[in-house]
Amino acid sequence: MKPQRTVVALMAIALLIAGCGREGGSREETSTGGGNAPAASGDFGTLTDVCKPGDPGASSAQGVTDTEIEIGVFSDIGFTKNPDFVDAAKVFTSWCNAAGGINGRKISTNLRDAKLMEVRQRMLEACREDFFLVGGSAALDGLGVKDRLNCLLPEFPAQVTQTANTGSDLQLNAGSTMSENVNPYTGFQDWLINTAYPDSKGAIGMINGDNPITKVMGEKLTESLKAAGATITYSDLYPISGVPDWTPYAQAIKAANVKGLIFFGEFRYLAKLEEVLTSMNYKLDWIDANSNSYNEIFLDAAKTSLGYQNNLADLTDTAPLSAADKLPAVQQLKDLYAEYSPDSDITFQGLKAFGAWLLFAKSATACGDDLTRACVYNTAAKETEWTGGGLQAPVDLSKPFAEQPRCFNVQRATPEGWQAADFGPNTDGVFNCGFTPYRYTADFGKPTTLADVGKSLADLK
């Protein structure tokens, strides 16, 4: 591959995992309110005292002083330019600091711009400076996981990507407790092919970006679909840098009489493909646009097709913005964005990041004067019905890989915006809960453990 094409391809890989931030190691200053008197309530949804004032003493923990806590936020801003994670960090820390911070300590963020290929460099910086990693993601996150575990740096990420990092030690995913060995979209998948659109079960198509991340995603979902009795009649790869004309792909989809289409790739490319399909008057029963398309950019890019094609996205256990009338926490989140970052689009990645920040702050505040990595991590790991105050369905963080009931939540892209599909919610009027995720039989690798770097949980201080 020529150098220029390599850069384009890497850019496309990074865009698959929406990330954000600023230059690696840069500091983000946020509003702190006046003194120790809170200018805002520290309650969020059903959670009380997420943030509050106090009079903390000195601390020996890295990244913690008597006035400040340094938190690292990973991103790929050097490629993506997407502001999702930085917006979530800005909104949360501005609100939290205005409410008094973590028992009086202000949260400051170090935005770690991995620029896709600089994950290790940013991780080594984080190992030297940060107390915790919260609310971020990097497309090639597996490149830094051994360094993170070696320096005993816990993380509450917004998203995880590569097998080496998914479910790795010293990691809690506030919005999902899935390991890399199960399909978190099993409930959505079964609803699609067995309940909502049973005629599509024998005619499913799949298009994946030609890169290691999305190819593995496709392999996993292919196994899960076949185990559920579905038939894949069309499967193809597209160059990760995109194609100038999506007509050949659209024609192949039509020739295979595909009724349900799964697209793993950049959502802007999906919008272009749908434009061609619509111009051919070929309408599918459904298109799985995936959760990365849950944003205004996709709606704008696909606006010529939204009234014709049936775009769906599973937000798993994360509450959608359309649930603001049912879940006060969602409305509160929208209000906080309007106050602290009014021009920001609240995306799926932003929702996940905000949940991670809530988990960190609630746990850190509960630790009181004993603000250590071990206390924060162990406190969070005791949450048996974590809902982020109402931003998600309950998950048991104390049993991250146990066979516990899971939830799904289907949103449809319409000309009026993202709206809830008729998927039979049975929890809070927002989620459909109770399915057991499919467990893969193929070997897709294993997450990295503390033992892999010669350490144990007892080393965490």
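**Exercise 1. Find the cavities and describe the linings of the two with the most space.**

Step 1. A search of the whole structure finds three cavities of 30 Å³ or more. Here a cavity is a set of points, on a 1 Å grid over the protein atoms alone, where a 1.4 Å probe fits but cannot get out, and lining residues have an atom within 4 Å of a point. A volume is the space filled by probe spheres set on the points, with grid points joined across faces, edges and corners.

Before going on, please note that this is a predicted model, in which local features need pLDDT of at least 70 and side-chain atom pairs count only at pLDDT 80 or more, while totals for chains, interfaces and linings use all residues. Residues are numbered from 1 along each chain as its sequence is written, and side-chain values use heavy atoms, with hydrogens and water left out.

Step 2. The largest cavity has a volume of about 150 Å³. Its lining has 18 residues, and F74, M123, D141, E155 and N165 lie nearest the centre.

Step 3. Sort the lining of the largest cavity by class: nine residues are nonpolar, six polar and three charged. For this count, Ala, Val, Leu, Ile, Met, Phe, Trp, Tyr, Cys and Pro are nonpolar, Asp, Glu, Lys and Arg are charged, and the others, Gly among them, are polar.

Step 4. Now the second largest cavity, with about 80 Å³ of space. Among the residues lining it are P157, N173, T318, K352 and Q392. By class, this lining has six nonpolar, five polar and one charged residues.

**Exercise 2. Which element gives the largest share of the lining of the largest cavity, and how does that element sit in the fold?**

Step 1. β2, α4, β4 and α5 each supply at least two lining residues, and the largest share, three residues, comes from β2. Helices (H or I, at least four residues) and strands (E, at least two) are DSSP runs, numbered from the N terminus.

Step 2. Check the cover: eight of the eight residues of β2 (residues 68-75) are buried. Buried means under 20% relative accessible area, exposed over 50%, and partly exposed in between (1.4 Å probe, protein chains only).

Step 3. Look at the directions. In a regular strand the side chains alternate between the two faces of the sheet. In β2, E68, E70, G72 and F74 point one way, and I69, I71, V73 and S75 the other.

Step 4. Find the neighbours. Two strands pair if DSSP finds at least two bridges between them. β2 runs parallel to β3 (residues 106-113) over eight bridges, with S75 opposite D113. β2 also pairs in the parallel sense with β4 (residues 132-134), over two bridges, where I71 has F132 as its bridge partner.

**Exercise 3. Count the disulfides and describe the links of C127 and C407.**

Step 1. Taking a disulfide as a pair of cysteine sulfur atoms within 2.5 Å, you should reach four. In sequence order, the bonded cysteines pair 1-2, 3-4, 5-6, 7-8.

Step 2. C127 is joined to C151, S to S 2.1 Å, and the link is left-handed, with -65 degrees about the S-S bond. C127 lies in helix α4 (residues 119-129) and C151 in the loop between α5 (145-150) and β5 (155-156), so the pair ties together parts that are 24 residues apart in sequence. C127 is buried at 13%, whereas C151 is partly exposed at 23%.

Step 3. C407 is joined to C433, S to S 2.0 Å. This link is right-handed, with 110 degrees about the S-S bond.

Technical notes
On a 1 Å grid over the protein atoms alone, a cavity is a set of points where a 1.4 Å probe fits but cannot get out, and a pocket is an open set with protein on both sides within 12 Å along at least five of seven lines; lining residues have an atom within 4 Å of a point.
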